[in-house]
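Visitor: I should like a close look at the side-chain pairings of this structure, that is, its aromatic rings and charged groups. Please also describe one place where helices meet.

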Amino acid sequence: MNLMERILVCVAWPYADGPVHLGHIMGAYLPADIFRRFNKMMGNEVLMVSGSDEHGTPITIQAEKENVHPSVISEKYHRINEEIFRRMFIDFDIYSRTSSEKHKKVVRDFLIQLNENGYIYEGTMISPYCPRCKRFLPDRYVEGTCPHCGYPKARGDQCDNCGRTLDPQELINPHCRICGTTPEFRETRHLFFRLSKLENGLREWVRSNTHWRINVKNYTERFIEGGLKDRPITRDIEWGIDVPFPGYENKRIYVWFEAVIGYLSATIAYSEMINNEKLWETYWKDENSKHYYFIGKDNIPFHTIIWPGMLMAHGDLNLPYDVPANEYLILKGMKFSKSAAHGIFMPEMLEKYDPDMIRFYSSMNMPENHDTEFSWNDFYSIINTELIDKYGNFINRVLKFVHNRYGSVPPALEFDDEDYNAIKNITRTGEEMAMYLSKVEIKNAIKSFMNLVSYGNMYFDRAAPWDLCRKDEKKCQTKLHISLMLVKALSIYGYPFIPETSRRVWRMLGYIDPIEKYGWKEAINPMEPYSIGEPSILFKKLEIKEEYEWNRLDIRVGRIIEVNDHPNAERLYLLRIKIGNEFRNIVAGLKAHYRPEELLNRNILILYNLEEAKIRDYVSQGMLLAADDGKNVSILVPEEAEDGERILFNNSETNPERKISIKEFQKIRIEIGKIMGIEEDNVIVQGKMLYKIKNEMVKGKTEGNIVLAFSNNKPFVMHTKNGLVRPIRDVEPGAKIR
RNA sequence: AGCGGGGUAGGGUAGCCUGGAAAUCCCGACGGGCUCAUAACCCGUAGAUCAGUGGUUCAAAUCCACUCCCCGCUACCA
């Protein structure tokens with residue numbers, strides 16, 4: 001533990017097709033940076049590398065859409081992400097990119113080496129070729145029926161239903177996802193990586209890594225038990241790295257093979273950048289160097305099997321020491337996703353909040369063991385109470401008191417038991433945090449940190465210097481000295497999590513040399529007699545603004561003017577709807593519940609800002625709202641309203657800026673309530689539970705079913721200008737709207 | 001409906017893999033203290049049949065089986 005260690009911190013390479021979001025930050029980049037800073041403070045030699053992953057089909061697709069060269073896309077997001085990391089104080093020693101010449105060269109050399117070692121062979125592959133699109137299709141462009149589970153929409157690379165990885169040829173009834181044509185399976189030559197040969201070696205190596213997180217280890221072992229297959233490492237596409245063998249001029253190296261080599265190429269590039277060209281070898285060849293890979297859970301097999309396999313095949317290079325993969329961040333019940341534009345994206349987050357606030361919250365809530373829900377309430381609450389009230393206020397009250405009373409650090413003269421205890425606490429916290437952080441247990445570490453904050457507040461309270469200083473000057477000075485030591489310790493111990501704040505506190509304590517120069521161990525040393533200036537407030541409290549969830553909904557009254565059967569779906573109708581001056585087509589799954597004449601000319605409710613969707617070949621421009629209690633289904637109708645009118649909540653019109661996805665809509669709780677009785681100014685409503693609602697919300701109505709939309713679990717009644725919204729048939733109270 | 005993940009005080013969580021006395025922490029509620037501090041801080045109290053049932057065991061929140069409920073992905077939900 002006390003010997004200096006050399007650590008390479010490898011962080012997943014973000015795919016350059018969009019800005020990173022909070023899930024990426026919490027899952028990989030922040031823990032990596034915390035780990036890096038901690039190790040620096042321990043005096044270890046640390047290097048942190050990452051970069052943009054720029055090749056591959058998704059970027060090509062994006063480029064085709066925008067009608068630009070793929071490099072334009074990757075260049076844009078490379079810059080954006082680099083800037084995000086800089087602002088978040090996630091300080092890579094080098095943030096490289098896979099389009100760099102250095103990377104390309106290292107990749108080619110790597111491939112040549114693997115070939116020399118007998119791990120590469122040429123094989124022919126039967127690949128799907130679409131005669132209509134005139135090209136070989138990437139695996140995920142082919143769809144068909146899964147041979148294992150019979151799922152009809154399995155993709156060529158894997159089946160989403162049973163999770164098995166597939167080859168496009170295995171699919172039953174394959175077709176091109178773009179044009180629907182049945183692809184021909186043509187022969188094409190490709191290079192293969194002999195992963196199968198490494199199966200035993202990998203299995204043993206994985207088994208020997210007893211310090212890995214259980215989920216990582218279990219997952220990896222199960223994956224290996226499934227058998228390791230050789231993998232093609234070239235593809236018939238244009239955007240990518242050239243293959244260094246003749247006959248492969250029109251092919252490129254597969255991204256999965258090439259991007260992981262970035263960890264190595266970036267280290268080499270860094271060595272050259274600082275004119276220390278042999279430096280990379282100390283990291284990659286000296287067996288005492290430890291490599292940590294910070295990634296999300298979707299990346300586990302690549303970093304615990306494939307990349308180690310490639311390294312074994314290459315020989316002479318260090319394998320990963322630990323792969324502390326994190327789980328997903330969930331927003332409103334749905335995982336963050338770049339492609340679905342679902343989540344909190346960093347550019348927007350950084351506009352509003354101090355980076356250290358984001359770092360602090362993220363550390364407290366890191367998805368280390370489970371998928372973790374993000375909510376703004378949680379964010380505000382943790383920032384305001386833990387970071388600002390407990391931590392910020394402690395720093396502030398101590399510094400302000402010392403500043404006002406003495407203006408400099410008072411000497412420690414007389415120690416009592418509690419004072420010794422305080423110093424013991426500082427020491428113990430440092431050891432405990434070091435123990436956690438060296439195992440990359442961020443949440444435990446910051447919890448330990450917060451315990452010291454609480455202790456500090458308690459110590460200061462018990463010491464009561466505002467009183468003591470009048471009675472016993474010497475003792476009071478000691479108490480203040482130790483309080484300042486606590487502040488100092490918090491500055492040092494907090495540094496990995498909230499570096500900028502720690503630096504500010506450090507300067508307030510009078511230190512000139514940077515905190516990094518002192519390191520972890522300095523926390524237990526007494527204070528220097530510096531002068532203490534007027535402390536500045538570390539953070540302003542966040543104002544909590546209430547957001548109504550139903551503000552995302554734009555619901556309008558529509559009149560059904562046509563009802564037709566869906567030609568190839570048993571349960572669907574095609575409806576023509578008039579909404580004021582506008583007409584829309586809606587697909588509705590009501591055939592089992594309503595006859596056409598029951599629907600025709602009815603005023604109903606349309607979710608107006610729902611994203612369009614194709615259902616069985618017909619586009620649905622919105623959704624007809626109906627209540628469903630599991631047995632009965634009822635459409636919802638407005639009382640006394642014209643088509644085109646908007647549905648109101650809490651007497652206000654909603655005005656969402658964006659379209660809403662079906663998933664988001666389903667997250668918003670809307671249910672049927674039955675008016676049970678009246679009690680003074682309130683109405684008692686039975687929904688899924690019993691609610692008390694203000695009388696005016698139901699416009700004086702005293703009976704019947706109503707529709708409740710919830711925000712923060714508080715019910716609001718859906719209504720129109722002149723009346724309420726009601727289900728036309730009787731359904732159970734609590735029935736959901738869909 | 002198929003697959004995956006869960007159910008621990010009013011809310012949010014820790015603990016579960018590796019069973020062991022009083023189940024962790026934060027918010028909220030209630031009572032008290034303090035007045036240095038960003039209406040912050042400190043102390044105390046109440047509040048949990050650890051989803052249910054059955055089993056294994058000297059001992060179960062923890063292991064096993066079944067049931068119920070929630071969430072996600074998928075789908076002729078829209």
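Guide: The account below takes up aromatic rings, then charged side chains, and then one pair of helices. The model is a predicted one, in which local features need pLDDT of at least 70 and side-chain atom pairs count only at pLDDT 80 or more, whereas totals for chains, interfaces and linings use all residues. Residues are numbered from 1 along each chain as its sequence is written, chains are lettered from A and ligands numbered from 1 in the order in which they are written, and side-chain values use heavy atoms, with hydrogens and water left out.

A pair of aromatic rings is described by the distance of the centres and the angle of the planes. Here rings of Phe, Tyr and Trp (its six-membered ring) pair if their centres lie within 6.5 Å; planes under 30 degrees apart are stacked, those over 60 edge-to-face, and the rest tilted. The count by this rule is 33 aromatic pairs. In one of them, Y29 and F92 meet edge-to-face, with 6.5 Å from centre to centre and 80° between the planes. This pair links distant parts of the chain, 63 residues apart: Y29 belongs to helix α1 (residues 22-41), and F92 to the loop between α3 (70-87) and β3 (94-97). Helices (H or I, at least four residues) and strands (E, at least two) are DSSP runs, numbered from the N terminus. Y29 and F92 are both buried; the term means under 20% relative accessible area, with exposed over 50% and partly exposed in between (1.4 Å probe, protein chains only). F379 and Y380 also form an edge-to-face pair, at 6.1 Å between centres and 70° between planes, and both of these residues are buried. Elsewhere, ring pairs join W13, F110, Y263, W284, Y293 and W307 into a cluster.

Charged groups also meet rings. A charge sits over a ring if NZ of Lys or CZ of Arg is within 6 Å of the ring centre and within 35 degrees of the ring normal. R189 lies over the face of Y248, at 5.8 Å from the ring centre, and R231 over that of W256, at 5.0 Å.

Side chains of opposite charge can pair when their charged atoms come close. The whole structure has 43 salt bridges, each a side-chain nitrogen of Lys or Arg within 4 Å of a carboxyl oxygen of Asp or Glu. E75 and R97 form one of them, at 3.0 Å from N to O. This bridge links distant parts of the chain, E75 in helix α3 and R97 in strand β3, 22 residues apart. E75 is partly exposed at 26% relative accessible area, while R97, at 19%, counts as buried. K105 bridges to D109, with the closest N and O atoms 2.9 Å apart. Because K105 and D109 are four residues apart in helix α4 (residues 101-116), about one helical turn separates them.

Two packed helices are described by the angle between their axes and the distance between the axes. Axes are lines fitted to C-alpha atoms, for helices over the stretch in contact, and angles run from 0 to 180 degrees between N-to-C directions. The axes of helix α12 (residues 355-364) and helix α15 (residues 442-463) come within 8 Å and cross at roughly 110°. Therefore α12 is roughly perpendicular to α15 (65 to 115 degrees; under 35 is roughly parallel, over 145 roughly antiparallel, and the rest oblique). F360, S363 and M364 of α12 make the contact with I442, K443, I446 and M450 of α15, contact meaning heavy atoms within 4.5 Å.
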